[in-house]
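Hi,

Here is the structure I said I would pass on. Have a look at it first, and my notes on the ligands, pockets and cavity follow underneath.

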Amino acid sequence: MQPAPSPAAKPPPPAHIAIIMDGNGRWATRRGLPRVAGHRAGADAVRRTVTACGDLGVRFLTLYAFSSENWKRPASEVSDLFGLLRLYLRRELAELHSNGIRLRVIGDRTRLPADVVELIADGERVTAGNSRFTLVIAINYGGQAEIVSAARRIAEAVKAGTLDPSSIDEAVFESYLDTTDIPHPDLLVRTSGEQRLSNFLLWQTAYTELVFTPTLWPDFGREALEEAIDEYHRRDRRYGAVGA
Ligand code: IPE
Ligand code: IPE
Ligand code: MG
């Protein structure tokens, strides 16, 4: 006998969700608090979202933590952000590891504080064998810089005679990006009502479904995530072809 289909059966979640975590400053300002209080509350939203993605069976979660343009902020805010990042990496690593989560960091590490670079390298090394789910954190990341860096290394390989220009196609180009081996995001969520990419994953979002929510990042959690996933499931992904 066939088992009756469960009325609650949901389609599988998107394999890769990318999030532009925006609105921490506004969340704090609305409460009469300093901006750092919003970033602190944002770190709790990260924990909730990572847990929810694990429970829902998402395979990749990419979080935009610090853009290559965020250096334009006051030095004190930049320092607060790196302080919180340190705390997160120190405190959460064991938890991530015991949950079978692999950590990967994308972005330019050359400008990061040395101890942060070390924490990242440790985190990636310790969790390298985990396969339940991959948490990708974008730190000092900019999509244009990533593409330029790939182009530069491709040019070097051509100059060295190890790469034939006629063999350069999308797949070869991708192999030079920070995100090599990571599938493109299926769903990109931006919180706080802003509707732009702010230099996030420019190459990788060619066919990503974009969902914008007015929720500020510190208020984000399982419910808002599930709403974004529901919206994703209502989309018809055509990739340039004719719809279903
Ligand atoms: C997102 O919140 C956190 C980072 C960019 C690091 P914001 O700090 O951008 O918050 P708003 O946009 O000023 O409200
Ligand atoms: C994008 O948010 C960067 C991160 C969330 C890390 P911003 O707040 O920096 O973006 P803009 O300046 O509003 O475009
Ligand atoms: Mg912002």
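Let me start with ligand 1: a backbone N or O atom of G23 lies 3.3 Å from one of its oxygen atoms. Before you read too much into any distance here, keep in mind that this is a predicted model.

Side chains reach ligand 1 too. R26 puts a polar side-chain atom 2.7 Å from an oxygen atom of ligand 1, and R35 has a polar side-chain atom 2.9 Å from an oxygen atom of that ligand. On its own, ligand 1 has 380 Å² of accessible area, and the protein covers 87% of that. The elements giving two or more residues to its shell are helix 1 (24–30), helix 2 (35–56) and helix 3 (75–98). Helix 1 gives the most, with 3 residues.

There are 13 residues around ligand 1, and D22, G25, R26, R35 and R73 come nearest. If you sort the shell of ligand 1 by class, you get 3 nonpolar, 5 polar and 5 charged residues.

Now for ligand 2. Its surroundings are I20, M21, D22, Y64, A65, F66, S67, N70, R73, R190, R196 and S198. You'll spot D22 and R73 in that list, and both are also among the residues that come nearest to ligand 1.

The polar pairs I'd pull up in the viewer for ligand 2 are these:

- S198: an N or O atom of its side chain is 2.6 Å from an oxygen atom of ligand 2.
- N70: a polar side-chain atom lies 2.9 Å from an oxygen atom of ligand 2.
- R73: an N or O atom in the side chain is 3.2 Å from an oxygen atom of ligand 2.

As for burial, the protein covers 77% of the 390 Å² of accessible area that ligand 2 has on its own. Strand 2 (residues 60–67) is the element that gives the most to this shell, with 4 residues. By class, the shell around ligand 2 comes to 5 nonpolar, 3 polar and 4 charged.

So where do the two ligands sit? The space taken by ligand 1 is the largest pocket, and ligand 2 sits in the largest pocket as well. That pocket holds about 710 Å³ of space. Helix 1, helix 2, strand 2 and helix 3 are the elements that give two or more residues to its lining. The lining runs to 30 residues, with M21, N24, Y64, A65 and L81 lying nearest the centre of the pocket. M21, Y64 and A65 are also part of the surroundings of ligand 2. In terms of class, the lining of the largest pocket has 15 nonpolar, 8 polar and 7 charged residues.

Next, the second largest pocket, with about 200 Å³ of space in it. Its lining is made up of S68, W71, G107, D108, R111, N140, Y141, G142, A145, E146, S149 and D178. Strand 4 (133–141) and helix 5 (143–159) each supply at least two of those residues, and helix 5 gives the most, with 3 residues. The class split for the lining of the second largest pocket is 3 nonpolar, 5 polar and 4 charged.

What about closed space inside the protein? The count comes to 1 cavity of 30 Å³ or more. The largest cavity has a volume of about 50 Å³. Its lining residues are H16, T62, I106, V136, T179, I182, P183, H184, P185, L201 and Q204. Which classes make up that lining? There are 6 nonpolar and 5 polar residues, and no charged ones. In contrast, charged residues do turn up in the linings of the largest pocket and the second largest pocket.

If you only have a few minutes, I'd start with the largest pocket, where ligand 2 sits and whose space is taken by ligand 1. R73 is a good residue to centre the view on: it is among the residues nearest to ligand 1, and its side chain has an N or O atom 3.2 Å from an oxygen atom of ligand 2.

Shout if anything looks odd at your end.

Cheers

Methods:
Residues are numbered from 1 along each chain as its sequence is written. Chains are lettered from A and ligands numbered from 1 in the order in which they are written. This is a predicted model: local features need pLDDT of at least 70, side-chain atom pairs count only at pLDDT 80 or more; totals for chains, interfaces and linings use all residues. Side-chain values use heavy atoms; hydrogens and water are left out. A residue is near a molecule or strand if one of its heavy atoms lies within 4 Å of it. A polar contact is a pair of N or O atoms within 3.5 Å; within protein, one must be able to donate a hydrogen and the other to accept it, and residues adjacent in sequence count only if both atoms are side-chain atoms. Accessible areas come from the Shrake-Rupley method with a 1.4 Å probe; for residues, only the protein chains shown count as cover. On a 1 Å grid over the protein atoms alone, a cavity is a set of points where a 1.4 Å probe fits but cannot get out, and a pocket is an open set with protein on both sides within 12 Å along at least five of seven lines; lining residues have an atom within 4 Å of a point. A molecule sits in a cavity or pocket if more than half of its atoms lie within 2 Å of its grid points. Ala, Val, Leu, Ile, Met, Phe, Trp, Tyr, Cys and Pro count as nonpolar, Asp, Glu, Lys and Arg as charged, and the others, Gly among them, as polar. Grid points are joined across faces, edges and corners, and a volume is the space filled by probe spheres set on the points.
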